[in-house]
Amino acid sequence: SSKNTVPITDIKNDEDYYTSIIVGNQEFRVLLDTGSSNLWIPNSNCTDHDGCRNVRKFNSSKSPTFKPEGENWVITYGTGFASGVTEKDNIQIANLTAIEQIFGLADSIDDGFNDLECDGILGLAFDQLNTMDDGTQTFISTLIKQKTIAPIFSFHFQHVNASGDKGTFTLGGVDESKFKGNITFTPVIDSDTYNGFWVVSLKGANVNNNSLEFSREAIIDTGTTVPIIPADDAKKIFKHFPGSTYDPSDVYIIPCNTSDVVSFKFGGVNYEIPSKDLILDKKSETECVSSILPADIDFWLVGQTFLKNVYSVFDVGNKQVGFAPSK
């Protein structure tokens with residue numbers, strides 16, 4: 001098995017990231033999403049009216065390796081739904097090919113996806129979350145089972161405003177040029193509610209060296225932009241954040257010129273989110289909306305605000321997630 005690194009592209013202000021795959025003989029841009037397991041691209045019959053605006057569409061009659069399957073599927077994300085039929089084809093990323101991979105052709109896509117700048121989604125969580133054919137094997141699982149890659153993949157997500165910073169997606173290993181120090185691993189936990197996700201234990205947070213203890217399940221989700229955390233935990237974090245106030249629209253307001261940092265603690269290690277990444281939006285010249293959002297949930301959804309500041313490793317073989325400081 002070999003290791004392959006492919007470039008990834010940043011959407012807007014680090015909202016999401018995509019890479020290119022070739023389905024049969026046609027190229028598509030797919031969002032990299034460890035928070036789901038379906039792989040789908042738009043079908044040729046999907047019209048603007050069906051949500052398929054400004055996207056590439058798959059023409060099955062042009063692919064010599066295409067095999068029809070035709071089972072219905074539907075998936076619902078935080079941003080909306082997609083639905084269609086399952087098919088099989090050879091799917092390639094760099095020079096790695098998943099032979100006869102089951103994937104979805106979307107006949108209908110939610111309008112929520114219109115701004116995404118990519119065509120489809122590549123789900124990178126575990127097989128049991130795949131809503132196609134009742135948990136069929138994912139693209140990554142196929143590459144592993146065919147012994148094309150070692151059972152591990154990893155990311156360096158770039159910051160949009162850091163020129164020369166190139167994001168990478170490494171299949172079958174890690175990209176040593178993108179991190180410093182050690183990768184510290186945390187096991188994927190057996191969760192009653194979140195099985196199939198990359199869910200690990202989060203032990204705490206740190207605000208300007210104020211150490212806070214939490215014991216929460218955390219879903220590591222490359223397809224989510226900002227961390228969404230239980231309202232009580234957010235309250236504790238912002239209590240130690242100078243100049244912060246709670247806004248009734250259910251966000252926290254922080255000074256735009258803040259120099260404070262927040263760290264999340266995994267596997268005994270604190271990983272910092274720098275001040276500039278704690279700002280989501282401007283409310284006024286001096287007041288900014290914080291990118292850590294409170295919600296009525298009992299787990300942490302850990303998205304790109306955190307992930308683009310670490311090197312992240314998804315070890316399928318040993319069922320664990322690793323983080324290291326980014327270079």
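Me: What is a cavity here, and how much space lies in the largest cavity?

Reply: A cavity is a set of grid points where a 1.4 Å probe fits but cannot get out. This is a predicted model, and about 80 Å³ of space lies in its largest cavity.

Me: How many cavities of 30 Å³ or more does the count come to?

Reply: The count comes to two. The second largest has a volume of about 50 Å³.

Me: Which residues line the largest cavity, and how do they divide by class?

Reply: Lining residues have an atom within 4 Å of a cavity point. For the largest cavity they include Trp 40, Arg 53, Ile 109, Phe 113, Leu 116 and Asp 119. By class, the lining has seven nonpolar, three polar and two charged residues.

Me: And what lines the second largest cavity?

Reply: Among its lining residues are Phe 126, Val 188, Asp 190, Tyr 194, Phe 197 and Lys 319. This lining divides into six nonpolar, three polar and two charged residues.

Me: Turning to a single residue, is Ile 253 buried or exposed?

Reply: Buried means under 20% relative accessible area. Ile 253 has a relative accessible area of 5%, so Ile 253 is buried. Its place is in strand β16, residues 251-255.

Me: Which residues does Ile 253 touch, leaving out those up to four places away in sequence?

Reply: Ile 253 touches Gly 243, Ser 244, Thr 245 and Asp 247, together with Lys 283, Glu 287, Cys 288 and Val 289. One of these partners, Glu 287, is 34 residues from Ile 253 along the chain, and their C-alpha atoms are separated by 6.3 Å.

Conventions: Residues are numbered from 1 along each chain as its sequence is written. This is a predicted model: local features need pLDDT of at least 70, side-chain atom pairs count only at pLDDT 80 or more; totals for chains, interfaces and linings use all residues. Side-chain values use heavy atoms; hydrogens and water are left out. On a 1 Å grid over the protein atoms alone, a cavity is a set of points where a 1.4 Å probe fits but cannot get out, and a pocket is an open set with protein on both sides within 12 Å along at least five of seven lines; lining residues have an atom within 4 Å of a point. Grid points are joined across faces, edges and corners, and a volume is the space filled by probe spheres set on the points. Ala, Val, Leu, Ile, Met, Phe, Trp, Tyr, Cys and Pro count as nonpolar, Asp, Glu, Lys and Arg as charged, and the others, Gly among them, as polar. Helices (H or I, at least four residues) and strands (E, at least two) are DSSP runs, numbered from the N terminus. Buried means under 20% relative accessible area, exposed over 50%, partly exposed in between (1.4 Å probe, protein chains only). Contact means heavy atoms within 4.5 Å.
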